[in-house]
Structure formats: C-alpha cells, structure tokens
Amino acid sequence: MKLTDKAPSSTHRVLIFGAPKSGKTQLAASLASQYNLIWFDLENGYGTLLKLPKDQQERIDLISIPDSKTFPIAIETMLKVVTGKEVSICEIHGKVSCPICAKEGGQTTKVNLSEVSQDTVVVIDSLTQLTNSAIAFITKNQPEDYKMLIVTGK
C-alpha cells in the first residue's frame, strides 16, 4: 500500500523508556494537565501521582494491580484488558472477574478500552513489571533457581 493511500490514525501509542528514577512516571503523569488518564499501576508506584495538583489527580483513574513473583496477576489482567472487551477488575487483588471479591461484594473498576474517548490516555506503569509478571507466571511451578532458556533460530 502506498503511504498516500493510508488514512491518518485517530489513535497513537507511545512508549516512555529510560533509566530507573529518570522521571518516566512523572512525565506520563504530566499528561493529566490536559487529558484524563486510566493508570494501571503494576508496581505500586502511584506515590509520584500524589505530587500532582488535586485537579490533575481528579483526572486519573488509578487501577492498582498488586503484582509479585508469587502472585503474578499483572500479565493475566492486562491480557484481558487489551482485548477491548469490558472487564471488571477488583481493587484488592487486581484480578479480572475475581471470584473472591464477587462473593464478598468487593469494590471493582470497569474498564473497556474499545470505548476510551480521544481525551483519555491509558498508562501501563510499568512494562518492566509486566514482563516480570509474564516470566513469573510462566515459571511459577519451577524451582527458585530455575533459569529460562531462550532459543533463537536462523
């Protein structure tokens, strides 16, 4: 297809990367001055968001996903979120359709990325934690000293 035949996209994707503590979260948070944010916090890093002015904090929907090596829930949850179907994420476990919270009437947040408006930015903080979650999920029944083997082909 020729570039001249391609219509402009109405959506954009941006990856912010850099060294630890270089200000990536603060940079993404600054978008709250002009946009609403849906913020998926995979590593309990929302402290930076609390430094924002209250009017900007009001524009952020924070979804905490308490991911760890022993509870690698972030990869499971985010894979369901990015399908674009409506999901309900419990606030305690960060799990989609959590049976424990459904039974106990726990708080949930509904998310449907296919219905996100043009004035909303979705932030996944952080890709490093999402990767760690995927690795922990894949290796969860392996011994502590287990090492993944990466095979590349020609």
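Helix 3, which covers residues 73-81, has I73, A74, I75, T77, M78 and V81 as its buried residues, where buried means under 20% relative accessible area, exposed means over 50%, and partly exposed lies in between (1.4 Å probe, protein chains only). Helices (H or I, at least four residues) and strands (E, at least two) are DSSP runs, numbered from the N terminus. The cover over the buried residues of helix 3 includes strand 1 (36-41), strand 3 (87-90), strand 4 (108-111), strand 5 (120-125) and helix 5 (127-138), and a contact here means heavy atoms within 4.5 Å.

This is a predicted model, in which local features need pLDDT of at least 70 and side-chain atom pairs count only at pLDDT 80 or more, while totals for chains, interfaces and linings use all residues. Residues are numbered from 1 along each chain as its sequence is written, and side-chain values use heavy atoms, with hydrogens and water left out.

## The overall picture

The protein has five helices and five strands, and these follow one another along the sequence in the pattern α-β-α-β-α-β-α-β-β-α. Taken along the principal axes, the C-alpha atoms fill a box of roughly 50 × 50 × 35 Å. Of the 154 residues in the protein, 29% are buried. Among the contacts with a separation of 6 or more, 50% come from residues 24 or more positions apart.

## The sheet around strand 1

Three strands form an open sheet in the order 2-1-5, with parallel pairing; two strands count as paired if DSSP finds at least two bridges between them. Strand 2 and strand 5 stand at the edges with a single partner strand each, so one side of each has no neighbour in the sheet. From one strand to the next the twist averages 15 degrees, a value based on axes that are lines fitted to C-alpha atoms (for helices over the stretch in contact), with angles running from 0 to 180 degrees between N-to-C directions.

Strand 1 is mostly covered, since five of its six residues are buried. Strand 1 is joined to strand 5 by six bridges, and the two run parallel, whereas its parallel pairing with strand 2 (residues 60-64) takes in five bridges. The table gives some of the residues that stand opposite one another.

| Residue | Opposite residue | Strand of the opposite residue |
|---|---|---|
| L37 | V121 | strand 5 |
| W39 | V123 | strand 5 |
| D41 | S64 | strand 2 |

In a regular strand the side chains alternate between the two faces of the sheet.

## Two nonpolar cores

A nonpolar core is a set of buried Ala, Val, Leu, Ile, Met, Phe, Trp, Tyr and Cys residues joined through side-chain atoms within 4.5 Å. The largest such core has 15 residues, of which F40, I65 and I89 touch the most other members. Strand 1, helix 3 and strand 3 each supply at least two residues of this core, and helix 3 gives the most, with five residues. A second, separate core of nine residues includes L37, W39, L52 and V123.

If residues up to four places away in sequence are not counted, I89 touches F40, I63, T77, V81, G94, K95, V96, Q107, T108, T109 and V111.

S88 is found in strand 3, and it counts as buried because its relative accessibility is 17%. The side chains of S88 and T108 are joined by a polar contact of 3.2 Å, which is a pair of N or O atoms within 3.5 Å; within protein, one must be able to donate a hydrogen and the other to accept it, and residues adjacent in sequence count only if both atoms are side-chain atoms. With residues up to four places away in sequence again left out, S88 touches K95, V96, S97, T108, T109 and K110.

## A network of charged side chains

A salt bridge is a side-chain nitrogen of Lys or Arg within 4 Å of a carboxyl oxygen of Asp or Glu, and by this rule the count comes to two. Side chains of opposite charge can pair when their charged atoms come close.

One salt bridge joins the side chains of E76 and K80 (3.6 Å, N to O); both residues lie in helix 3, four residues apart, which is about one turn of the helix. An α-helix has 3.6 residues a turn, so residues three or four places apart point the same way. The other salt bridge joins the side chains of K95 and E76 (2.7 Å, N to O). This pair links distant parts of the chain, with K95 in the loop between strand 3 and helix 4 (99-104) and E76 in helix 3, 19 residues apart. E76, K80 and K95 are thus linked in a network of salt bridges. E76 is partly exposed, with a relative accessible area of 22%, K80 counts as partly exposed at 34% relative accessibility, and K95 is partly exposed with a relative accessible area of 22%.
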